[in-house]
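Please look through the sequence and the structure shown here before reading on. The report that follows takes charged pairs as its starting point and then turns to the helices and the core.

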Amino acid sequence: MAKKETKETIEIIESPEALQQELTKVTGFFEQNKTSILGLGAIIVALVVGTLGYKWYNQTQDEEGEKKLFKAVYAFESDSLSKATKELNKISDEFGGNTQNLADLYQGIALLKQGKFDQSIEKLKNFSSGDLLVQARAYSLIGDAYVEKKSYGEAIDYYKKAADYKPNKFFTPTYLLKLATAYEANKQGKEALAAYTDITEKFPESAEAVPAKKYKAQLESSISE
């Protein structure tokens with residue numbers, strides 16, 4: 001069973017189309033509960049992000065660091081978050097460079113899932129990658145943490161970073177949808193309308209375009225009243 005699950009996860013991260021299907025599930029939940037999805041989205045995509053990061057790490061790291069990080073990743077994926085956090089903290093202290101960088105990413109996600117938002121933000125801000133997918137996702141996760149703190153202005157800053165980082169049709173619409181909702185939560189209706197419009201005009205075939213049209217119409221109606 002474990003091998004099958006691992007194989008399916010690898011197929012997802014290697015196929016943009018498959019990963020888009022995973023993000024579509026998130027969008028469906030967004031449709032049902034627009035307010036809470038900002039924070040909960042971090043939990044839903046955490047495993048995908050972690051595996052993407054591990055793939056990147058596996059191509060660049062020494063054997064010793066790989067073995068230690070693998071154990072921590074196993075605890076992470078088993079939802080042993082407290083154990084994973086402790087192990088990742090040790091790895092971050094023991095290793096530098098890319099090993100420390102990725103350990104900070106995993107630890108940031110684990111802390112976010114534990115509700116330790118300030119610590120999560122600190123670790124995620126330490127992470128840096130030129131990867132198309134992982135860096136933008138890290139920005140989005142920081143935005144999610146700020147939303148949980150109801151710090152909508154800061155969340156907006158990081159959702160904008162996520163949306164602006166190497167824009168693409170697979171993931172940018174998701175970040176724009178979160179950005180628009182954060183704008184609404186921050187009472188910035190005009191900015192929210194602009195973000196919804198970006199989705200509908202620039203990514204009309206995306207799954208996010210459907211709820212974007214709905215929320216845009218609702219917002220326009222409320223503004224005109």
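How many salt bridges does a search of the whole structure find? The search finds four salt bridges, a salt bridge being a side-chain nitrogen of Lys or Arg within 4 Å of a carboxyl oxygen of Asp or Glu. This is a predicted model, in which local features need pLDDT of at least 70 and side-chain atom pairs count only at pLDDT 80 or more, while totals for chains, interfaces and linings use all residues. Residues are numbered from 1 along each chain as its sequence is written, and side-chain values use heavy atoms, with hydrogens and water left out.

## The chain as a whole

The protein chain has 12 helices and zero strands, where helices (H or I, at least four residues) and strands (E, at least two) are DSSP runs numbered from the N terminus. Of the 225 residues in the protein chain, 51% are buried; buried means under 20% relative accessible area, exposed means over 50%, and partly exposed lies in between, with a 1.4 Å probe and protein chains only. Among the contacts in the protein chain with a separation of 6 or more, 58% are between residues 24 or more positions apart, a contact meaning heavy atoms within 4.5 Å. The accessible surface of the protein chain comes to about 11,200 Å², and 50% of this surface belongs to carbon and sulfur atoms; such areas come from the Shrake-Rupley method with a 1.4 Å probe, and for residues only the protein chains shown count as cover.

## Charged pairs

Side chains of opposite charge can pair when their charged atoms come close. The table lists salt bridges found in this model.

| Acidic residue | Basic residue | Closest N to O |
|---|---|---|
| Asp104 | Lys123 | 3.6 Å |
| Asp118 | Lys149 | 2.8 Å |
| Asp144 | Lys178 | 2.9 Å |

In the salt bridge between Asp104 and Lys123, distant parts of the chain are linked, with Asp104 in helix H6 and Lys123 in helix H7, 19 residues apart. Asp104 is buried because its relative accessible area is 5%, and Lys123 also counts as buried, at 15% relative accessibility.

The salt bridge of Asp118 with Lys149 joins helix H7, where Asp118 lies, to the loop between H8 and helix H9 (152-164), which holds Lys149, so the pair ties together parts that are 31 residues apart in sequence. Here Asp118 is exposed, with a relative accessible area of 52%, whereas Lys149, at 33%, counts as partly exposed.

Asp144 and Lys178, which form a salt bridge, likewise link distant parts of the chain, Asp144 being in helix H8 and Lys178 in helix H10, 34 residues apart. Asp144 counts as buried at 0% relative accessibility, and Lys178 is buried with a relative accessible area of 4%.

## Helices H6 and H7

Helix H6 has 17 residues and reaches 25 Å from its first C-alpha to its last, close to the 24 Å expected at 1.5 Å a residue, the expected span being 1.5 Å times one less than the number of residues. H6 is mostly covered, since 13 of its 17 residues are buried, and it is followed by Gly115, whose phi is positive, near 80°. Within H6, Asp104 touches Ser92, Lys123, Leu124 and Asn126, not counting residues up to four places away in sequence.

In helix H7 (residues 117-126), Ser120, Ile121, Lys123 and Leu124 are buried. The buried residues of H7 pack against H5, helix H6 (97-113) and H8.

## The nonpolar core and other buried places

In soluble globular proteins, nonpolar side chains tend to be buried together. The largest nonpolar core here has 51 residues, of which Leu88, Leu105, Leu179 and Tyr196 touch the most other members; such a core is a set of buried Ala, Val, Leu, Ile, Met, Phe, Trp, Tyr and Cys residues joined through side-chain atoms within 4.5 Å. Helix H8 (residues 134-148) gives the largest share of this core, eight residues. Leaving out residues up to four places away in sequence, Leu179 touches Ile156, Tyr159, Lys160 and Ala195.

Ala84, in helix H5 (residues 81-94), is buried, with a relative accessible area of 0%. The C-alpha atoms of Ala84 and Ala72 are separated by 5.1 Å, although these residues are 12 residues apart along the chain. Thr172, found in helix H10 (residues 172-185), counts as buried at 3% relative accessibility, and, leaving aside neighbours within four places in sequence, Thr172 is in contact with Ala163, Pro167 and Phe203.
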